[in-house]
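Please look through the structure shown here, beginning with its aromatic rings and moving on from there to the chain as a whole.

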Amino acid sequence: MTEVTPNLPHLGNFCKYCFMGTLLYLDYAFFSYDKDDDYIREFMRRTKAKGAGCVIAMLGEHGSLAYDGQRFYHQAAENVPVVNTVGAGDSYIAAFTYGVSLGESIPQCMARGKALATRIVQQFEPYLQEKEQ
């Protein structure tokens, strides 16, 4: 079977292997991709097999996918008007890891990530502002 590795041609083979070596130290490995297909699922299986605890792929308008070594979890995206996607992935990761710190399940963490990322993509500035009274 062909090994699935990140598409990092500009970094060269040495950096690809350095990257893959860091997976042993990650409890949660986050990646971005554009759809739920066989390629990303196989990549997630391989990433998990190389040592990552849980592998999460943020799929934009297709939601997110997580793999814990036993099963895949899918979280659909909200159908909202998108103004700007800057900060959406970072916000998803921040909210997901906050859920982890609270002891939430993977699906709960994914829902938390989706909720914050959904708020972020609906505004021009990627930083949440308190509404002025």
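Tyr67 and Phe72 are both buried in this predicted model. Phe72 also has a charged neighbour, since Arg41 lies over the face of its ring, at 4.5 Å from the ring centre.

The structure holds 6 aromatic pairs in total. Among them is the pair of Phe31 and Phe43, which is edge-to-face, with 4.9 Å centre to centre and 90° between the planes. Phe31 belongs to strand β1, whereas Phe43 belongs to helix α2 (residues 38-49), so the pair ties together parts of the chain that are 12 residues apart in sequence. Both Phe31 and Phe43 are buried. Tyr67 and Phe72 make another aromatic pair, this one stacked, with 4.4 Å centre to centre and 25° between the planes. Beyond pairs, there is an aromatic cluster made up of Tyr28, Phe30, Tyr92 and Phe96.

Two members of that cluster, Tyr92 and Phe96, lead to helix α3, where they are found among the buried residues together with Ala88, Ser91, Ala95 and Gly99. Seen down the axis of α3, these buried residues fall within an arc of 130°, so they line one face of the helix. The general geometry of helices helps here: an α-helix has 3.6 residues a turn, so residues three or four places apart point the same way. What do the buried residues of α3 pack against? Their partners are the strands β1 (28-32), β2 (54-58) and β3 (64-67), and also helix α4 (106-121). On the face of α3 turned away from its buried side, the exposed residues are Asp90 and Ser101.

The length of α3 can be checked in the same careful way. The helix has 14 residues (residues 88-101), which at 1.5 Å a residue should span 20 Å, and the C-alpha atoms at its ends are indeed 20 Å apart, which agrees. After α3 comes Gly103, a residue whose phi is positive, near 80°.

Further along, in the segment after α4, the reader will find Phe124. Is Phe124 buried or exposed? With a relative accessible area of 60%, Phe124 is exposed, in contrast to the buried Phe31 and Phe43. When neighbours within four places in sequence are left aside, Phe124 is in contact with Val83 and Asn84. Although Phe124 and Asn84 are 40 residues apart in sequence, their C-alpha atoms are 5.5 Å apart in space.

The cysteines call for a separate look, and how many disulfides does the structure hold? There are 0 disulfides. Cys54 is in no disulfide, and the nearest cysteine sulfur to its own, that of Cys109, is 8.6 Å away. With a relative accessibility of 3%, Cys54 counts as buried, and Cys109, at 1%, counts as buried too.

These details can now be placed within the chain as a whole. The chain has 4 helices and 4 strands, and from the N terminus on its elements run α-β-α-β-β-β-α-α. Of the 133 residues in the chain, buried residues make up 34%. Among contacts with a separation of 6 or more, 57% are accounted for by residues 24 or more positions apart.

Terms used
Residues are numbered from 1 along each chain as its sequence is written. This is a predicted model: local features need pLDDT of at least 70, side-chain atom pairs count only at pLDDT 80 or more; totals for chains, interfaces and linings use all residues. Side-chain values use heavy atoms; hydrogens and water are left out. The expected span of a helix is 1.5 Å times one less than its number of residues. Buried means under 20% relative accessible area, exposed over 50%, partly exposed in between (1.4 Å probe, protein chains only). The arc is that of the directions from the helix axis to the C-beta atoms. Contact means heavy atoms within 4.5 Å. Rings of Phe, Tyr and Trp (its six-membered ring) pair if their centres lie within 6.5 Å; planes under 30 degrees apart count as stacked, over 60 as edge-to-face and the rest as tilted. A charge sits over a ring if NZ of Lys or CZ of Arg is within 6 Å of the ring centre and within 35 degrees of the ring normal. A disulfide is a pair of cysteine sulfur atoms within 2.5 Å.
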